[in-house]
Amino acid sequence: MQTIFSRVFLVALTWFVAVSAQASQVIIPAPPQLASTAYLLLDADTGKVLVENNADQQLPPASLTKMMTAYIVFSEISRGNLQEDDLVDVSVKAWRMGGSKMFIREGTRVAVKDLLRGMIIQSGNDASVALAEHVAGSEDAFVDVMNQQAALLGMNDTLYHNATGWPAEGHVTSARDLSLLAQALINDHPSFYKLYSEKYFKYNGINQPNRNKLLFRDKSVDGIKTGHTDEAGFCLVSSAKKNGMRLIAVVMGTRSEAARAAESQKLLTYGFRFYQTRTVYAGGEELDSSRVWAGQTNQVSLGIENDLLLTIPRGAEKQLQASMLVDEVIKAPVPVGKVLGELEIRLGEEVVAKQPLVALNAVEQAGFFARLWDAIKLFFSQMFAG
């Protein structure tokens, strides 16, 4: 049966004031223009994109590829298929990898936890290949898993050909896809994400610093990954948390190591200065109640299942307005979680959020005579209303 919405309620937000006709428009300065091929800034919790340029352009990711390699290894550990203390046999292929290295030796055995640090902190190509071979038997088989995982995360512009980011024709991703992967790393594997904030890792007598210069400059920054090849330029996916708000910045194709840090800092500074993320309504909070017909009780509480977070311009609170559209007729039985309407939040004329309104309590069906009496009352109420 098609749901009919006929009752509309304007409601005050828990910490916002409803918009007035005279409310002033909040003006956000234009975002910075970066000296990079593509870039994107978003809020990690809400997924709100704050700044973007060429965000869907397919580009070589260089060592940003290792974000996916790490994600898969983290997932294998979380599933119990792999242990951090497991020892990995170092193959000739892993040992011979060029580029950045953690300097593992052929024929030795290295713990997974050390290889992860070597890959994340030192960006070791040798560590990446060793992990890929250990997880999937070969790097080629691991690449198949990488591409399957990319599809699951909605990374539609990504295609991997190796586990390291070593230059290969058709090995591409986009700034938007990298932001999705960064979100997944942070949200799906929070206990492992802390590895990205480590500044140094010493292995085989060699102490190497993390290539992410922002870790040494900005205390709010705690990740994520650098990348560089001649084809890709200098790239950085960074993340920072300040006052409960986490931002992810993706910068691809800058001209130098210093430039990728500086351009990323511009994005993060802009986001924290001009935007805020807040919980508007808590999941399970009663927002309204509605009449129930033919039930053992005649009221049901309405709310949303999960916390509703919004990323909005700073100072725009007074322009937020919420409305609820509730089913005209609600009949028992009503199970907990049944959708009975919709909550809509607007910022000025823009709809910034929609959430299903659900029953927060169950209402069991009443006995025969009570149902009959309610049916009569409902009939006459609808007749006179019509």
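**Close-up 1. Helices α1 and α6 lie roughly parallel to each other in this predicted model.** Here we're looking at α1, which covers residues 66-78, and α6, which covers residues 175-188. Their axes come within 10 Å and cross at roughly 30°; angles under 35 degrees count as roughly parallel, hence the description in the title. As for handedness, the crossing of α1 and α6 is left-handed.

**Close-up 2. The residues that make the α1 and α6 contact.** On the α1 side you'll find M67, M68, Y71 and F74. Facing them, α6 brings in L178, L181, A182, A184, L185 and D188. Sorted by class, that's nine nonpolar residues, one charged and no polar ones.

**Close-up 3. Strand β11 is largely enclosed by the rest of the structure.** The strand takes in residues 275-281, and five of its seven residues are buried, so there's not much of an open side to talk about: β11 is largely enclosed. Its partner in this view is β14 (residues 308-313), joined to β11 by six bridges, with the two strands running antiparallel. To find your bearings in the pairing, pick out T277 of β11: its bridge partner in β14 is T311.

**Close-up 4. E286 sits in the loop between β11 and β12.** The loop leads on to β12, residues 288-291. E286 is partly exposed, at 47% relative accessible area. Leaving aside residues up to four places away in sequence, E286 touches S301, L302 and L360. A359 is worth picking out too: E286 and A359 are 73 residues apart in sequence, yet their C-alpha atoms are 9.4 Å apart in space.

Terms used. Residues are numbered from 1 along each chain as its sequence is written. This is a predicted model: local features need pLDDT of at least 70, side-chain atom pairs count only at pLDDT 80 or more; totals for chains, interfaces and linings use all residues. Side-chain values use heavy atoms; hydrogens and water are left out. Axes are lines fitted to C-alpha atoms, for helices over the stretch in contact, and angles run from 0 to 180 degrees between N-to-C directions. Helices (H or I, at least four residues) and strands (E, at least two) are DSSP runs, numbered from the N terminus. Angles under 35 degrees count as roughly parallel, over 145 as roughly antiparallel, 65 to 115 as roughly perpendicular and the rest as oblique. A crossing is left-handed if the near helix is turned anticlockwise from the far one by less than a right angle, and right-handed if clockwise. Contact means heavy atoms within 4.5 Å. Ala, Val, Leu, Ile, Met, Phe, Trp, Tyr, Cys and Pro count as nonpolar, Asp, Glu, Lys and Arg as charged, and the others, Gly among them, as polar. Buried means under 20% relative accessible area, exposed over 50%, partly exposed in between (1.4 Å probe, protein chains only). Two strands pair if DSSP finds at least two bridges between them.
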